[in-house]
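Hello,

Here is the structure I promised to pass along, with my notes underneath. Have it open while you read, and write back with anything that puzzles you.

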Amino acid sequence: RSPPAAAAERRRIARDVHDGAQPRLVAVALNLRIARERIARGDDALDLVSMAGDEAKLALGELRSLARGIHPAVLTDRGLDAALSALAGRVGVPVDVEVMLERRPPTSVESAAYFVVAEALTNVSRHAVATRASVCVREVDGMVVVEIADDGVGGADPAHGTGLVGLSERIDSIEGRLEVRSPLGGPTVVRAELPCAS
């Protein structure tokens with residue numbers, strides 16, 4: 001493998017590790033923080049500690065898989081709808097998921113769509129102060145269009161933070177397009193257009 005190809009592969013794996021495992025680790029941190037607050041009040045927090053442990057195990061397994069260059073098993077086995085629903089269930093606010101695809105897109109496009117949603121929902125969990133979010137995936141004129149919206153505080157800037165930069169690089173590699181609209185005060189809309197032929 002040539003040095004440029006090896007460097008590209010390292011960047012891809014680094015993006016997969018960051019984008020794929022991060023939502024699980026955010027859930028672990030959130031559950032442990034809430035558990036600590038409960039314990040400080042003298043309340044029981046065993047359920048949250050147990051959930052955090054389960055998520056940590058799943059994150060470890062996902063990291064191992066991603067390091068081998070394999071995208072999440074649920075995506076391979078059951079497709080985008082199931083994989084995105086699983087991501088949505090870990091956000092901490094209600095997320096409506098709608099996947100309207102007549103056929104499965106190519107693996108590279110499916111993987112890019114998954115990681116766009118994973119990063120956007122991670123940002124919703126960490127920064128948006130949102131009460132609701134939505135994910136919509138549909139095919140329009142030969143493109144898979146992915147839109148993630150939330151009603152949070154806005155201010156997301158693709159020029160800052162490695163997550164959105166990594167997404168741009170991933171999407172550029174399949175000749176797609178990423179757009180982030182996030183005025184201060186919200187709402188935020190992340191839109192990716194991914195060519196089905198990639």
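E175 counts as exposed, at 71% relative accessibility. Please keep in mind throughout that this is a predicted model. E175 sits in the loop between α5 (162-173) and β4, and its phi is near 60°, a positive value in a residue other than glycine. That deserves a second look because most residues other than glycine have a negative phi.

D141 is another case: its phi is near 50°, again positive in a residue that is not glycine. You will find D141 in the loop between β2 (133-140) and β3 (143-150). D141 is exposed as well, with a relative accessible area of 77%.

While you are looking at the backbone, go to the peptide bond from G186 to P187, which is cis, with omega near -5°. P187 belongs to the loop between β4 (177-181) and β5 (188-195). As a reminder, most peptide bonds are trans.

For orientation, the protein has five helices and five strands. Reading from the N terminus, the order of the elements is α-α-α-β-α-β-β-α-β-β. Of its 198 residues, 42% count as buried.

Now to the charged side chains. Side chains of opposite charge can pair when their charged atoms come close. How many salt bridges does the structure hold? There are eleven, and I picked out a few for you.

The pair I would start with is E55 and R24, which form a salt bridge with their closest N and O atoms 3.2 Å apart. E55 lies in helix α2 (residues 46-67) and R24 in helix α1 (residues 3-40), so this pair ties together parts that are 31 residues apart in sequence. Are these two residues buried or exposed? Both E55 and R24 are buried.

R38 and D47 make a salt bridge too, and here the closest N and O atoms are 3.0 Å apart. These two residues are partly exposed: R38 has a relative accessible area of 23%, and D47 has one of 39%.

Then there is R191 with E193, whose side chains meet in a salt bridge at 3.0 Å, N to O. R191 is buried, with a relative accessible area of 17%, and E193 is buried at 18%. This pair also has company: E147, R177, R191 and E193 are linked in a network of salt bridges. If you want to see the network on screen, display the side chains of those four residues together.

Next, the empty space inside. Rolling a probe the size of a water molecule over the atoms shows where empty space is left. A search of the whole structure turns up one cavity of 30 Å³ or more, and its volume is about 60 Å³. Which residues line the cavity? The lining is made of P23, V26, A27, L87, R90, V91, A118, L121, T122 and S125. By type, seven of them are nonpolar, two are polar and one is charged. Helices α1 and α4 (107-128) each supply at least two of the lining residues, and α4 gives the most, with four.

The aromatic side chains give a short list: the search finds one aromatic pair. The rings of Y114 and F115 have their centres 5.1 Å apart and their planes at 85°, so the pair is edge-to-face. Y114 and F115 are both buried.

Finally, a word on the cysteines, since this may matter to you at the bench. A disulfide is a covalent bond between the sulfur atoms of two cysteines. How many disulfides does a search of the whole structure find? It finds zero. Of the cysteines, I can tell you that C136 is buried, with a relative accessible area of 17%, and that C196 is buried at 9%.

If you have only a few minutes, I suggest three stops: the cis peptide bond from G186 to P187, the salt bridge between E55 and R24, and the cavity with α4 as the main contributor to its lining.

Happy browsing, and best wishes

Note on methods. Residues are numbered from 1 along each chain as its sequence is written. This is a predicted model: local features need pLDDT of at least 70, side-chain atom pairs count only at pLDDT 80 or more; totals for chains, interfaces and linings use all residues. Side-chain values use heavy atoms; hydrogens and water are left out. Buried means under 20% relative accessible area, exposed over 50%, partly exposed in between (1.4 Å probe, protein chains only). On a 1 Å grid over the protein atoms alone, a cavity is a set of points where a 1.4 Å probe fits but cannot get out, and a pocket is an open set with protein on both sides within 12 Å along at least five of seven lines; lining residues have an atom within 4 Å of a point. Grid points are joined across faces, edges and corners, and a volume is the space filled by probe spheres set on the points. Ala, Val, Leu, Ile, Met, Phe, Trp, Tyr, Cys and Pro count as nonpolar, Asp, Glu, Lys and Arg as charged, and the others, Gly among them, as polar. A disulfide is a pair of cysteine sulfur atoms within 2.5 Å. Rings of Phe, Tyr and Trp (its six-membered ring) pair if their centres lie within 6.5 Å; planes under 30 degrees apart count as stacked, over 60 as edge-to-face and the rest as tilted.
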